[in-house]
Amino acid sequence: MRYISTRGTAPVLTFSEAMMTGLARDGGLYVPETVPQFTPDEIAALAGQSYEEVAYRVMRPFCGESFSEEELRGAIARAYAGFGHAARAPMVQLAPNHFLLELFHGPTLAFKDFAMQVIGQLFQIALARDGKKITIVGATSGDTGSAAIEAFRGLDNVDVFILFPHGRVSEVQRRQMTTPSEVNVHALALEGDFDDCQGKLKDMFNDFTFRDEVGLAGVNSINFARVLAQIVYYFTAAVALGAPHRKISFTVPTGNFGDIFAGFLAKEMGLPVERLVIATNQNDILDRCIKQGAYAKRGVKPSISPSMDIEVSSNFERALFWAYGKDGAAITALMGELSEAGSFTVSENAMAALLQNYDSGSVDEAGTSGVIARTLAETGELICPHTAVGVGVAEAALARQPEVPMVTLSTAHPAKFPDAVEAATGIRPPLPPRMADLFDRPERVTRVPNDLAALETLIRERRRK
Ligand SMILES: Cc1ncc(COP(=O)(O)O)c(C=O)c1O
Ligand SMILES: N[C@@H](CCOP(=O)(O)O)C(=O)O
């Protein structure tokens, strides 16, 4: 299995090389050259298997020779052992043909744990083999950061620096990042929004001197291994609802497009996915692009679903790569236009390709609160604001095609966003007992400017040599 860049000119790599490399050296994102195929019989055989077994069968063909069966099975087993639900990703029914896929039973209460826990294990295997030390830098709008810290805290050969937008994450999210006491963990509050954080991260990858000096590694969904581990729950959910004998649609609360792109790959592998519905909050650049064919920045507005306050949606580049027939030069040109002019127009053929797979919708702030309140009243389920955006968009999509079961991804636990949930329902969701003292723990955080040179200097000084 070989991995190629969406921009077409970076070296072709194996799975573990792509995982340890992060951003391709031409600025693109690594993708598998070919997508492994599952037959209907192979999909049917997943029914009744444990989450770990499905994860092994789905991930194995993407890994090539990078990890042995024993290594991959061991990594998966250790990754999910700490999850708070035996099914790992259970489903609850909200309405006839509408299901919620709960992805918040991991250690940091968001879907990020599903992939981050696995790649934490895979990184450790790879690092033990070659004896290297690495510096992970991550950008977060709230959830990736704590998931990365949880997966890598305390490791001798890894330093973790997390950039989050100052004042734009929930207090629970911030404390999850600022209270770990391990010396290898560094929470950095950047003056700017998430796009600034991710922009600086990509700038660091594109500064080859810095990148090679510090052994830079990335655990955002820039890293294909993150996306890979997120494919698994599309299979478990679809099979539980009757795949491969029945088509299933998914609605995905979307920001950086990693989660929904994992659903696209599940479809490419042979899973009968009818529609992948992109759900955006008031930062609706992806919804506008799907409806109007132009990707145009307007400026990020803070919302009550802060993890989706994103305009430069990194993995949309991967979706465009497929839509443009894997033409790296075309993607390079589009990404150049985006950084220079803040917008680009999608060609007619590429739009047609996107519309074969994706549908979209958005929910504004009042709508999000309304969905949280209504979902509680009608179903008894208390949901987080990101999930509420998904539920609102899914209900509209389901009304257009009621005969196809719809799965909405519930991407975070409501207790991560207690203010928004309380404002909508009057109920303040409690943190699980293991996190009950989160507000008593001392915080450690450094305010940083939105400045590449200053960030690189800080990382050079703080990382352990
Ligand atoms: C709770 C939550 N929901 C949804 C999203 C959006 O997911 P993605 O960035 O993969 O589109 C995020 C951030 O990634 C998130 O943290
Ligand atoms: N919403 C994310 C943003 C980063 O996404 P990633 O999937 O690329 O890591 C977050 O919570 O940090």
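**Entry 1: ligand 1.** I count a residue as near a molecule if its C-beta atom, placed from the backbone, lies within 6 Å of that molecule. With this rule I looked up the surroundings of ligand 1 in this predicted model. The shell has 16 residues, and Asp143, Asn256, Asp259, Ser307 and Thr411 come nearest. I then sorted the shell by class and found 5 nonpolar, 9 polar and 2 charged residues.

**Entry 2: ligand 2.** I next asked which residues come nearest to ligand 2. They are Thr140, Asp143, Thr144, Asn220 and Ser221, out of 13 residues around this ligand. I noted that Asp143 stands in this list and also among the residues that come nearest to ligand 1. The shell around ligand 2 holds 12 polar residues and 1 charged residue, with no nonpolar residue. Helix 6, residues 143-152, gives the largest share of this shell, namely 3 residues.

**Entry 3: helix 6.** I followed helix 6 further and asked how many of its residues are buried. The count is 10 of 10, and I recorded the helix as mostly covered. Asp143, Thr144 and Ala147 are among these buried residues. I also looked up what covers them: the list includes helix 5, strand 5 (134-139), strand 6 (158-165), helix 7 (171-178) and strand 7 (185-190). Just after helix 6, I found Gly154 with a positive phi of about 80 degrees.

**Entry 4: Lys112 and helix 5.** I consulted the UniProt record, an unreviewed entry, which places the feature "modified residue: N6-(pyridoxal phosphate)lysine" at Lys112. In the model, Lys112 lies in helix 5, residues 112-130. Is Lys112 buried or exposed? A residue is buried if 20 or more other C-beta atoms lie within 10 Å of its own. Lys112 has 32 C-beta neighbours inside 10 Å, and therefore I count Lys112 as buried. Leaving aside residues up to four places away in sequence, I found that Lys112 touches Asp143, Thr144 and Ala147. These three residues belong to the buried set of helix 6.

I also checked the length of helix 5. Its 19 residues reach 27 Å from first C-alpha to last, close to the 27 Å expected at 1.5 Å a residue. Gly131, just after helix 5, takes a positive phi of about 65 degrees.

**Entry 5: helix 17.** I examined helix 17, residues 385-400, in the same manner. This helix has 16 residues and reaches 23 Å between its end C-alpha atoms, close to the expected 22 Å. Because 13 of the 16 residues are buried, I describe helix 17 as largely enclosed by the rest of the structure.

**Entry 6: the N-terminal region and Ser68.** The unreviewed UniProt entry places the feature "domain: Threonine synthase N-terminal" at residues 2-80. Over residues 2-80 I read 47% helix and 8% strand, with the end C-alpha atoms 27 Å apart. I then turned to Ser68, which lies in the loop between helix 3 (51-63) and helix 4 (69-80). Ser68 has 11 other C-beta atoms within 10 Å, so I recorded this residue as exposed. The C-alpha atoms of Ser68 and Lys291 are separated by 44 Å, and the two residues are 223 residues apart along the chain.

**Entry 7: the whole chain.** Finally, I listed the overall features. The chain contains 19 helices and 15 strands, and 57% of its 465 residues are buried. Its C-alpha atoms fill a box of roughly 60 × 50 × 50 Å along the principal axes. The radius of gyration is 20 Å, which agrees with the value near 23 Å for a compact globule of 465 residues.

Methods: Residues are numbered from 1 along each chain as its sequence is written. Chains are lettered from A and ligands numbered from 1 in the order in which they are written. This is a predicted model: local features need pLDDT of at least 70, side-chain atom pairs count only at pLDDT 80 or more; totals for chains, interfaces and linings use all residues. Helices (H or I, at least four residues) and strands (E, at least two) are DSSP runs, numbered from the N terminus. The radius of gyration is taken over C-alpha atoms; the globule rule is 2.2 Å times the number of residues to the power 0.38. A residue is buried if 20 or more other C-beta atoms lie within 10 Å of its own, exposed if 12 or fewer, and partly exposed in between; C-beta atoms are placed from the backbone. Ala, Val, Leu, Ile, Met, Phe, Trp, Tyr, Cys and Pro count as nonpolar, Asp, Glu, Lys and Arg as charged, and the others, Gly among them, as polar. The expected span of a helix is 1.5 Å times one less than its number of residues. UniProt positions are given in the numbering used here, feature names are shortened, and annotations may be inferred rather than shown by experiment. Two residues are in contact if their C-beta atoms, placed from the backbone, lie within 7 Å.
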